[in-house]
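The following exercises are to be worked through with the sequence and the coordinates at hand. Each task is followed by a solution in steps.

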Amino acid sequence: MAVSAALRAAITRAQNADQHSEPVFSPLRGLGRGRLTPIDLLGQSLSTIAPATGMVFIALWMITYSPGYVGLAAIAATTSAVFLVAFCITQFTRRLAAAGSLYSFVFQGSGIRATLTAGAALVLGYLGISVSVFSQAVPSLLDTIAIVGPDVRGTAATVITTVAIALAVAWIAVRGVRFATRAILVVEACSLILIVVVMLATHSDTTTAVALPNPSLSAVPFLAMLTVLSMAGFESSAFFGPEAKRPLISVTRTVLISPIICGVLFVFAAWAAMTGHGATIVGAYFEGTASGASAEVVLAVKIGMTCSWFASTLGCAQAGSRLLYSMGIERVLPAPLARVHRRFRTPYVAVLAFVAVSAAGVFIYSDTVRDDSGSFDGVVETALVCAYTLVAFASWKFLRRIGEHTSLTRICTLSVSTAGAGLLVYIVLDGAVHGMWALPIAALAVAVSGTVWSALLRRARPESLLMVGAFDSVETADLLPGAGTLLIDGDGRRRLVPDRGTVEGDSPEHGR
């Protein structure tokens, strides 16, 4: 009887619900909601990380500097640290979905200046990763063409290839995430299988003859930083929370699983390099047939690595465009960045802007930065470590504010925050000692960016400061009929109020 009475009461409320109230929409409704599956999210994360390329470079440095089991332990420990960062991030992904990812999460625990600082660090970090992988994709593609056809390497070919890759990335990213991620996941999986098989099937004690600059850090800290850089973007699935099915579950699982998968692969690559199983694939990629590898192996490795570089470029463009879109929604960046394609529901202006800046960065990188790639990578690492540190500290403050801390979350969030701050100090001091002034300058620029940015917004667009931290929120269409009316109060907060004509405890038996 109680269930029947409750059902009749709900039907009555639905019939008497106010159908003429102004509907309330999510600020991120422009993106297609509930479209992406866990497979799509995993494909996005792995495409951004490009673990196949990371395995080859880790093997290269392990062979070159021979840190032995200490280096292997450093890679494993760094993977564990990245997993702790992922755990801190999931304290937010369990509770909200935001196209701004870490940028929006920091707002939930820290102030506006910290949020804008995290945003500046993420923009710098993702653009830096994009430029780095993009600049690797171009010569890798030209090398592959030279193996199967005419040698077209040169300035003109480099320019044409760069533009062609940029157009391809922009077209695919505008077409939509689902259009790209599954194909990329298959390609990346094939590249990984190829690398693992070649490593297991070959053995050589020959060291590579590739000329490498001496890193400013000692071998073990350098391997740790290389591992962090190679895992950059593991959290990129969080940018797609508003577009995912069951985002609070699927995004959280992807953020946790991605560093584990990559960590296992990186540790395997380090072991292969230590035991003589990594020299063949490293030589095939960097030296071609001159390393003694067969033409078939060289071609397969080149194709696999080229696809992986391209996938990473695409992954960065898809994630970075969501970050710019979120900032456009909030008006902390120009509003046109928030424009969404009518058919594909993708932020096409943000995609085009991100890809265009990345392509321009490739030309600058090739002309001026390539000879000092260590400083460039250090700047990107500094930005990423800053963003991860800020989100870890914000998660500690966020959980304390909502009263949901546990002993585990306190230990993890404070440990990551302290370790991240210490690592930033170490990077700055090491850069100053070795004359790599780009590192302390980048750290200082990121540190003051939030203060400067918020001051400029307060003068030019003060209303934008009230919109920072936008996330996907409930809409009128999400409510069951008769559940109430969703309104936005004077403070901009959503409130669910009872429909007119119903009061608590009403039922058909009691009348009205």
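**Exercise 1. A charge and a ring**

Task: In this predicted model, determine what sits over the ring of Y285.

Solution. The group over the ring of Y285 is the charged end of K302, 4.5 Å from the ring centre. Y285 also belongs to an aromatic cluster, whose members are F57, Y285, F286 and W309.

**Exercise 2. Classifying an aromatic pair**

Task: Classify the geometry of the pair F57 and W309, and locate its two members in the chain.

Solution.
1. The structure holds 11 aromatic pairs. In the pair of F57 and W309, the ring centres are 5.9 Å apart and the planes stand at 75°.
2. Two rings pair if their centres lie within 6.5 Å, and planes over 60 degrees apart count as edge-to-face. With its planes at 75°, the pair of F57 and W309 is therefore edge-to-face.
3. F57 lies in helix α3 (residues 51-65) and W309 in helix α12 (residues 295-330). The two residues are 252 residues apart, and their pair links distant parts of the chain.
4. Both F57 and W309 are buried.

**Exercise 3. The helix that carries F57**

Task: Compare the span of α3 with the expected value, and state how many of its residues are buried.

Solution.
1. Helix α3 has 15 residues. From the first C-alpha to the last, α3 reaches 21 Å, close to the 21 Å expected at 1.5 Å a residue.
2. Of the 15 residues of α3, 13 are buried, so that the helix is mostly covered.
3. Just after α3, S66 adopts a positive phi of about 45°.

**Exercise 4. Salt bridges and accessibility**

Task: Assign an accessibility class to D40 and to R178, and then find which residues are joined in a salt-bridge network with R153.

Solution.
1. The structure holds 7 salt bridges. In one of them, the side chains of D40 and R178 meet at 3.8 Å, N to O.
2. D40 belongs to helix α2 (residues 38-49) and R178 to helix α8 (residues 177-201), 138 residues apart.
3. The relative accessibility of D40 is 0%, so D40 counts as buried. R178 has 43% and therefore counts as partly exposed.
4. R153 forms a salt bridge with D143, the closest N and O atoms being 2.8 Å apart. D143 is in helix α6 (residues 112-148), whereas R153 is in the loop between α6 and α7.
5. R153 also forms a salt bridge with D151, again with the closest N and O atoms 2.8 Å apart. D151 is exposed because its relative accessible area is 51%, while R153, at 45%, counts as partly exposed.
6. Through shared partners, salt bridges join D143, D151, R153 and K302 into one network.

**Exercise 5. The nonpolar core**

Task: Identify which residues touch the most other members of the largest nonpolar core, and examine the contacts of M199.

Solution.
1. The largest nonpolar core has 128 residues, of which M55, F105, M199 and F234 touch the most other members.
2. Helix α6 supplies the largest share of this core, 14 residues.
3. Leaving aside neighbours within four places in sequence, M199 is in contact with residues including M55, A59, F268 and I281.

Terms used: Residues are numbered from 1 along each chain as its sequence is written. This is a predicted model: local features need pLDDT of at least 70, side-chain atom pairs count only at pLDDT 80 or more; totals for chains, interfaces and linings use all residues. Side-chain values use heavy atoms; hydrogens and water are left out. Rings of Phe, Tyr and Trp (its six-membered ring) pair if their centres lie within 6.5 Å; planes under 30 degrees apart count as stacked, over 60 as edge-to-face and the rest as tilted. Helices (H or I, at least four residues) and strands (E, at least two) are DSSP runs, numbered from the N terminus. Buried means under 20% relative accessible area, exposed over 50%, partly exposed in between (1.4 Å probe, protein chains only). A charge sits over a ring if NZ of Lys or CZ of Arg is within 6 Å of the ring centre and within 35 degrees of the ring normal. A salt bridge is a side-chain nitrogen of Lys or Arg within 4 Å of a carboxyl oxygen of Asp or Glu. The expected span of a helix is 1.5 Å times one less than its number of residues. A nonpolar core is a set of buried Ala, Val, Leu, Ile, Met, Phe, Trp, Tyr and Cys residues joined through side-chain atoms within 4.5 Å. Contact means heavy atoms within 4.5 Å.
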